[in-house]
Amino acid sequence: MSEKKRKPFLSVQEMVVFAMLGSIMFCSKIIMEWVPNVHLLGAITMTFALVYRAKGLIPLYVYILLNGVYAGFAMWWIPYLYIWTVLWGVTMLLPKKMPLKFAWVYPLICGLHGLAFGTLYAPAQAIMFGLNFKQTLAWIAVGLPYDAIHAIGNFAAGFLVLPLTLLLRKIDPNAYKIPNSSKER
């Protein structure tokens with residue numbers, strides 16, 4: 001009997017591309033550190049979800065791992081394990097073939113994620129530091145000005161989602177291709 005050869009989950013090319021994309025994401029964060037709470041991470045996360053679908057989590061977690069290696073695997077790092085995944089998940093819920101007239105949705109979602117960042121971070125803070133509900137709400141309230149800056153930066157960066165998505169779909173043969181629903185006559 002001959003066994004069927006299984007196709008690996010990731011090809012060598014995909015592993016290299018995802019490692020590179022995660023590294024680019026990390027480098028973009030380092031380059032933007034001079035501006036507090038302003039970065040391209042939300043836009044890049046959304047782009048990965050749109051271009052690579054489920055596999056888009058791989059470069060995202062490469063970034064998260066690199067971030068921990070660089071800055072230390074301390075308590076601040078733990079929420080990163082889920083905060084970016086929330087944005088990826090929301091992006092995955094968007095229609096696969098969104099009309100261009102709705103491209104404003106990308107910056108909006110990206111901005112809302114920036115605004116919600118402190119709130120998303122709060123459950124981990126509450127568990128790690130033993131905060132009660134009232135203290136957690138106070139922690140969120142104190143961080144709102146920073147979340148507002150984060151939202152503005154993410155909103156602006158969100159305008160890069162569509163161009164980055166189109167570029168990656170064009171240059172990467174492993175990218176998710178939107179099926180053409182128009183019928184040729």
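In this predicted model, the side chains of Lys 29 and Glu 33 meet in a salt bridge, with a distance of 2.6 Å from N to O. The two partners differ in their exposure, since Lys 29 counts as buried at 16% relative accessibility, whereas Glu 33 is partly exposed, with a relative accessible area of 43%.

The structure holds two salt bridges, and the other joins Glu 14 to Lys 55, whose closest N and O atoms are 3.0 Å apart. This pair links distant parts of the chain, 41 residues apart, with Glu 14 in helix α1 (residues 12-31) and Lys 55 in the loop between α2 (41-52) and α3. Here Glu 14 is the buried partner, at 9% relative accessibility, while Lys 55 counts as partly exposed at 22%.

| Salt bridge | N to O distance |
|---|---|
| Lys 29 and Glu 33 | 2.6 Å |
| Glu 14 and Lys 55 | 3.0 Å |

Lys 29 also appears among the contacts of Asn 67, a residue that touches Phe 26, Lys 29, Gly 72, Trp 76, Trp 77 and Tyr 80 when neighbours within four places in sequence are left aside. Asn 67 belongs to helix α3 (residues 57-71), and Asn 67 counts as buried because its relative accessible area, 0%, falls under 20%.

Tyr 80, one of the contacts of Asn 67, is also a member of the largest nonpolar core, which has 24 residues and in which Leu 21, Met 25, Tyr 52, Tyr 63, Ile 64, Tyr 80 and Trp 84 touch the most other members. Helices α1, α2, α3, α4 (80-93) and α5 each supply at least two residues of this core, and the largest share, six residues, comes from α2. Apart from this core lies another, of twelve residues, among them Ala 43, Leu 50, Met 98 and Tyr 106. As for Tyr 52, its contacts, not counting residues up to four places away in sequence, are Val 17, Phe 18, Leu 21, Leu 168, Asp 172, Asn 174 and Ala 175.

On the surface, Phe 102, Trp 104, Leu 108, Leu 112, Leu 115, Phe 155 and Phe 159 form a nonpolar patch, with about 680 Å² of accessible area together. Helix α5 (residues 105-129) gives the most to this patch, with three residues. Phe 155, another of the patch residues, lies in helix α6 (residues 133-158) and is partly exposed, with a relative accessible area of 40%.

Terms used. Residues numbered from 1 in each chain as written. Predicted model: local features only at pLDDT ≥ 70, side-chain atom pairs only at ≥ 80, totals over all residues. Heavy atoms only, no water. Helix = DSSP H or I, 4+ residues; strand = E, 2+ residues; numbered from the N terminus. Buried < 20%, exposed > 50% of the residue type's maximum accessible area, 1.4 Å probe, protein only. Contact = heavy atoms within 4.5 Å. Patch = residues over 30% accessible without salt bridge, like charges linked within 9 Å, V, L, I, M, F, W, Y side chains within 5 Å. Areas by Shrake-Rupley, 256 points an atom, 1.4 Å probe, with all protein chains shown as cover. Salt bridge = Lys/Arg side-chain N within 4 Å of Asp/Glu carboxyl O. Core = buried A, V, L, I, M, F, W, Y, C linked by side-chain atoms within 4.5 Å.
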